[in-house]
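The following exercises concern a ligand site and the strands that belong to its surroundings. Please work through each task before reading its solution.

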Amino acid sequence: MTVSDRAAEAPAGVDMETLSLAIESLHDFVAKQLPESRQLELDHDDICPEDLVRAMCGDELGLQLLFVPEEYGGMGGGAVDVYRLCEQMARVDIGLATSVLATFLGSDPITVGATAEQKATWLSRIADEGILFAYGATEPEAGSDLGALRTTATPVVDDGAVVGYRLTGRKQWISNGGIADAYTILAAAPGGPSWFVLERGAEGFTPNRPEDKHGIRLSNTAALFLDDVFVPVENLVGGVEGQGLVQAQQVFGYTRLMVAAFGLGGGWSALDRAIAYSTMRVQAGGPLSGKQGYTHKLIVPHLVRLEAARALIEQTGVRIDAGEGVGGALNTEGAIAKYLATEAGNAAADAAIQAHGGYGYTRDYLVEKIKRDVRITTIYEGTSEIMEMTIARDRWQQHLKTRGAYYPGRAAGLRALHAAHPEVGAAVAALCYEALGGVLEACRLGRLTRNQHVLLRLGELIAYAEGAASLADRAGAATDGTLPPKADTRFAPADLAAISRVYAREAAWKVAEDGLRWVQGSSTGTDAGTLASSLRVDEIRAAQAGLLADMDQVARAVYLSYD
Ligand SMILES: Cc1cc2nc3c(=O)[nH]c(=O)nc-3n(C[C@H](O)[C@H](O)[C@H](O)COP(=O)(O)OP(=O)(O)OC[C@H]3O[C@@H](n4cnc5c(N)ncnc54)[C@H](O)[C@@H]3O)c2cc1C
């Protein structure tokens, strides 16, 4: 079944008109309340505009409604709706977007794990009253490894029955930490890590002062101190101890898509500014937009990588909306989307500073702020290294389970796509998958994934390869006119095909050359020539023919779409 077939069946989400209205209202709100000059001022003064956060998540704008299921008074937005809105929020300000995300993250353990009564209480309050949530997982000693958490939940027993818990410990880097009305706190109960809902003002609970951060300075981030804080037993999410880590895992496919959309929005926002700037800035007798050495280094590769990430975000969103993501089934796809989008967004923002020359390095130009803001997306909701590990571990298992047939099997699908659409780069994406299968097999034979670095590099190669496949699929759907109804359509099908061809070449090159490098670099008995021919490195090198012409086409397309 193709992505577009799934989309046609997708039951989740709001209609296009409602989504467009939400995005339009967001931009109207921002134009009025948060012009660029105000953003720069708040960033400079390191102020979280709590009134704006509350207006966005309250009666005035009501963005929170998109995140809350209909039965609790929300609009029941699906994963695609949430991605589209998150991208737009990030285009405005990733700090404010983070505040909105924090309420969603904070209520996530409730959405996936709470009793019907708990859901009715808390989700309805988010929808009706616009209360802000914070998500309290990270601790000073427990970041990527949440299993190391030290915050404890000690049962309070009265008359032989547990009537509540006393929470003691410290949480670190909590978004909305100083302004939230309610918190979900992960703490070790006797039965294992569990989520508890804590209301602001509880005795013994103190949020610390806001952190002085590198970026997202419009977002409130604070440590939380919990000193014997009492929570009633009804606030143990799901009513059973020990479910906390499972509940956290279950939603990663979804929540990582949101952060992926932040990377996409931040990256595109910076790139669009660079594109606009380059049309006006004249050097050496002409605008920078006409200089190939400028566009093909600072604009084109970044937009291509962002669009590969978008393809994966959209594809995964459609699959989640079609019900495939239950119980964390699409966590790896969410991790790939987050990894590709946030790394691409971060690099694009950096390139946008370069594209502005000296002006880009000053605080008057928003690209400087965007670069600092988008930086967080490769850290929170799982760092890039943890994404690499998550991706590699899962696909490694698939490789072993299928006795090496996993990627060659997926390559066959791309060859079929190539037969229908020779213009979308699917044949090169297929070569990329086949080379990836070869790299994985070489790692298996040499037992090379015992080196953690090799495992994590495999995560990167897998992400590139799956990005190429996804983008080719998307370009094919665009040509057929079968993109999902709520898909982004910035690029015309022929230009999307050129974007896909550029990315497929990059992914195949990376998989073959880096794959060779790490296999060769970590093994003793591998013959480089034999491995190179088994990965068909020569074919991948030959497939680079036409790259520059395709980049020329992408540059023309971006300046056309900009006009
Ligand atoms: C602005 C901001 C907002 C945040 N908001 C929230 C929030 O709302 N709620 C919340 O709970 N948390 C939040 N966080 C915390 C965030 O999720 C963590 O910072 C992140 O998960 C990384 O954890 P850490 O900082 O402890 O780094 P560590 O886990 O110590 O990692 C440090 C470095 O080591 C790498 N590393 C870690 N483990 C391994 C490994 N096994 N192998 C190889 N490399 C490894 C990491 O990739 C990273 O590069 C926020 C953080 C920031 C900065």
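**Exercise 1. Identify the polar contacts of the ligand.**

Step 1. A polar side-chain atom of Ser144 is placed 2.6 Å from a ligand oxygen atom, a polar contact being a pair of N or O atoms within 3.5 Å.
Step 2. The backbone also takes part: a polar backbone atom of Ala137 lies 3.0 Å from an oxygen atom of the ligand.
Step 3. For Gln452, a side-chain N or O atom is 2.9 Å from a nitrogen atom of the ligand.

The model is predicted; local features require pLDDT of at least 70 and side-chain atom pairs pLDDT 80 or more, while totals for chains, interfaces and linings use all residues. Numbering starts from 1 along each chain as its sequence is written, and side-chain values use heavy atoms, without hydrogens or water.

**Exercise 2. Describe the shell around the ligand.**

Step 1. The shell holds 20 residues, of which Tyr135, Thr138, Ser144, Thr383 and Glu385 come nearest (a residue is near if one of its heavy atoms lies within 4 Å).
Step 2. By class, 10 are nonpolar, 7 polar and 3 charged, with Tyr counted as nonpolar and Gly as polar.
Step 3. Strand E3 (161–175) and helix H14 (384–401) each contribute at least two shell residues; these elements are DSSP runs of at least two residues for strands and at least four for helices.

**Exercise 3. Trace the strand pairing from E3.**

Step 1. E3 is joined to antiparallel strand E7 (residues 221–232) by 9 bridges, where pairing requires at least two DSSP bridges.
Step 2. Within E7, Phe230 stands opposite Arg166.
Step 3. E7 also pairs antiparallel with strand E6 (residues 205–207) over 3 bridges, and Phe205 has Leu226 in E7 as its bridge partner.

How values were computed:
Polar contact = N/O pair within 3.5 Å; in protein donor to acceptor, adjacent residues only side chain to side chain.
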